[in-house]
Amino acid sequence: MSSPVDLIDSICDFLRNSTIMNMDLATKKDEEKALQVIAGYLPPKKSVPDPDFPFVIVRIESFEDKLEGATANISMVVGTYSEDAQDGWRDVVNIATRIWSELFRKRVVAGKYRVEYPCKFILPEEQPFPQWIGMLSTVWTIAHPIEEILEREVVIDGEFFR
């Protein structure tokens, strides 16, 4: 079924199979590892032994259904770890740029969701150093629910109609 939740899961699957997974990035433990792609929110800190960074969190901002079409606003929060106060932001921007490039080269995810313009990236000025956070906001076309038309029996001027 086409839904905002299915869209989020489909974007996560798309990202897990994209070139961003070829990037190994720093963690809090002086190691490198591939990005985690997570739907919704990070798990509680005590539930996972691994450091949370690096990650991409795919979450819904809103969805809207109008006569001319239905859209969903989906954000992708990119988080990295770097003790380099001057250049730590670069990993966040590189990941966001790769996501943007992958999405707009393909344009359709799971054969049913289309990414639309505008696409916006924000790198907040205030950062939780040595962690770096940025957000990519995207707009997606999703399917309308299909209206059910119920059959009714009507009698007009003595004639029976369905």
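**Aromatic pairs**

Searching the whole of this predicted model turns up three aromatic pairs. One of them joins Phe53 and Phe55. The centres of these two rings lie 5.0 Å apart. Their planes meet at 40°, so the pair counts as tilted, falling between the cut-offs of 30 degrees for stacked and 60 for edge-to-face.

How buried are the two partners, Phe53 and Phe55? Phe53 has a relative accessible area of 5%. For Phe55 the relative accessibility is 4%. Both values are under 20%, the limit for burial, so Phe53 and Phe55 count as buried. Across the protein, 36% of the 162 residues are buried.

**Strand pairing**

Phe55 has a place in this section too, as strand 4 covers residues 55-66. Strand 4 pairs with strand 3 on one hand and with strand 5 on the other. The table sets out the two pairings.

| Strands | Residues | Sense | Bridges | One bridge pair |
|---|---|---|---|---|
| Strand 3 and strand 4 | 36-39 and 55-66 | parallel | four | Val37 and Val56 |
| Strand 4 and strand 5 | 55-66 and 69-81 | antiparallel | eleven | Ser62 and Asn73 |

What joins strand 4 to strand 5 along the chain? A hairpin does, and two residues make the link. The bridge between Ser62 and Asn73 belongs to this antiparallel pairing. Val37, in turn, is bridged to Val56 of strand 4. In a regular strand, side chains alternate between the two faces of the sheet.

**Overall fold and dimensions**

The protein has two helices and ten strands. Read from the N terminus, the order of elements is α-β-β-β-β-β-α-β-β-β-β-β. The radius of gyration is 21 Å. For 162 residues the globule rule gives 15 Å. The protein is well over that value, so it is more spread out than a compact globule. Its C-alpha trace spans about 85 × 35 × 30 Å along the principal axes.

**The largest pocket**

Where is empty space left? Rolling a probe the size of a water molecule over the atoms shows it. The largest pocket has a volume of about 180 Å³. Eleven residues line this pocket. Which of them lie nearest its centre? They are Ser2, Ile142, Ala143, His144 and Pro145. By residue class, the lining holds seven nonpolar residues, three polar ones and one charged.

Methods: Residues are numbered from 1 along each chain as its sequence is written. This is a predicted model: local features need pLDDT of at least 70, side-chain atom pairs count only at pLDDT 80 or more; totals for chains, interfaces and linings use all residues. Side-chain values use heavy atoms; hydrogens and water are left out. On a 1 Å grid over the protein atoms alone, a cavity is a set of points where a 1.4 Å probe fits but cannot get out, and a pocket is an open set with protein on both sides within 12 Å along at least five of seven lines; lining residues have an atom within 4 Å of a point. Grid points are joined across faces, edges and corners, and a volume is the space filled by probe spheres set on the points. Ala, Val, Leu, Ile, Met, Phe, Trp, Tyr, Cys and Pro count as nonpolar, Asp, Glu, Lys and Arg as charged, and the others, Gly among them, as polar. Two strands pair if DSSP finds at least two bridges between them. Rings of Phe, Tyr and Trp (its six-membered ring) pair if their centres lie within 6.5 Å; planes under 30 degrees apart count as stacked, over 60 as edge-to-face and the rest as tilted. Buried means under 20% relative accessible area, exposed over 50%, partly exposed in between (1.4 Å probe, protein chains only). The radius of gyration is taken over C-alpha atoms; the globule rule is 2.2 Å times the number of residues to the power 0.38.
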